[in-house]
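Trainee: I should like to examine this model with you, beginning with how its helices cross. May we look at it together?

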Amino acid sequence: MKILGIAGSPRAGGNTEVLLGDLLAGAADEGAETEAVFLRTCAIHSCTGCERCRTDLTCTRFYDSMHLLSPKIEAADGLIVGSPTYNYNITPEMKAFIDRLYPYYRFSEARPGPWSSYFAGLGKKALVFTVAEQHDLAERGFAVEAMQRPLEALGFEVTETLHAEGYFAKGAVAKDPAMRERARTIGRRFARR
Ligand SMILES: Cc1cc2nc3c(=O)[nH]c(=O)nc-3n(C[C@H](O)[C@H](O)[C@H](O)COP(=O)(O)O)c2cc1C
């Protein structure tokens, strides 16, 4: 089993990256082959909606890091995707990444119309996680949904979600062994399913 982890924080060594490491360590405990990608090290242009991918089935508008990530995403049995909460939402890095998964949709001629996905029926799964400062549900926003819903539309079964709240400073979660152990346990469970 191959599991690809993708962290969407612009902050190197921040809470998202610490937790991604723990989630992947849990998956590795179960024998998974794991790899972590930090979107802050990638150059991913925003999708412009040119729709060339509808016929080209890949992005021929931008020759950027997405073309390095695509083979890894296609080879992975599972994705672990995480973002800090920024203004109730995901980071721009994560949003650009998700939008650039658009070539994997298979659209009908009629627009608006039904669609499918390259990943549909392949048995791929995903784990989505977020980090936030605030404990209040209203202030933590909708970052989980902002990743979970597009991944489901793309044909991934989201089998696990984790929302880690109460962490503000860079790496604050590194000092919380209970949360780190929880992430490792979730990573193990994700790899087993
Ligand atoms: C621009 C910005 C916006 C933020 N918006 C929110 C928010 O809406 N709700 C919240 O709970 N925390 C918010 N935070 C706090 C971060 O989610 C928190 O610091 C998180 O631990 C950062 O993760 P990282 O260390 O992986 O970058 C925000 C932080 C920044 C820099």
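Mentor: A crossing is called right-handed if the near helix is turned clockwise from the far one by less than a right angle, and left-handed if anticlockwise. Please keep in mind that this is a predicted model.

Trainee: Which handedness does the crossing of α1 and α7 have, and is α1 parallel or oblique to α7?

Mentor: The axes of α1 and α7 (residues 177-192) come within 6 Å and cross at roughly 45 degrees. Angles under 35 degrees count as roughly parallel and those from 65 to 115 as roughly perpendicular, with the rest, short of 145, oblique. The angle therefore makes α1 oblique to α7. As for handedness, the crossing of α1 and α7 is right-handed.

Trainee: Which class supplies nine residues of the contact of α1 with α7?

Mentor: Residues of α1, including Leu19, Leu23 and Ala27, meet residues of α7, among them Ala183, Ile186 and Phe190. The contact also has five charged and three polar residues, and the nine are nonpolar.

Trainee: Which strands stand at the edges of the sheet?

Mentor: Five strands form an open, parallel sheet in the order β2-β1-β3-β6-β7. A strand at the edge has a single partner, so one side of it is left without a neighbour in the sheet. The edge strands are β2 (33-38) and β7 (157-165).

Trainee: How many residues surround the ligand?

Mentor: α1 (15-29), β6 (125-132) and α5 (137-140) each supply at least two residues of the shell. Gly14, Thr16, Pro84, Ala132 and Gln134 are the closest, and the number surrounding the ligand is 20.

Definitions and conventions: Residues are numbered from 1 along each chain as its sequence is written. This is a predicted model: local features need pLDDT of at least 70, side-chain atom pairs count only at pLDDT 80 or more; totals for chains, interfaces and linings use all residues. A residue is near a molecule or strand if its C-beta atom, placed from the backbone, lies within 6 Å of it. Helices (H or I, at least four residues) and strands (E, at least two) are DSSP runs, numbered from the N terminus. Axes are lines fitted to C-alpha atoms, for helices over the stretch in contact, and angles run from 0 to 180 degrees between N-to-C directions. Two residues are in contact if their C-beta atoms, placed from the backbone, lie within 7 Å. Ala, Val, Leu, Ile, Met, Phe, Trp, Tyr, Cys and Pro count as nonpolar, Asp, Glu, Lys and Arg as charged, and the others, Gly among them, as polar. Two strands pair if DSSP finds at least two bridges between them.
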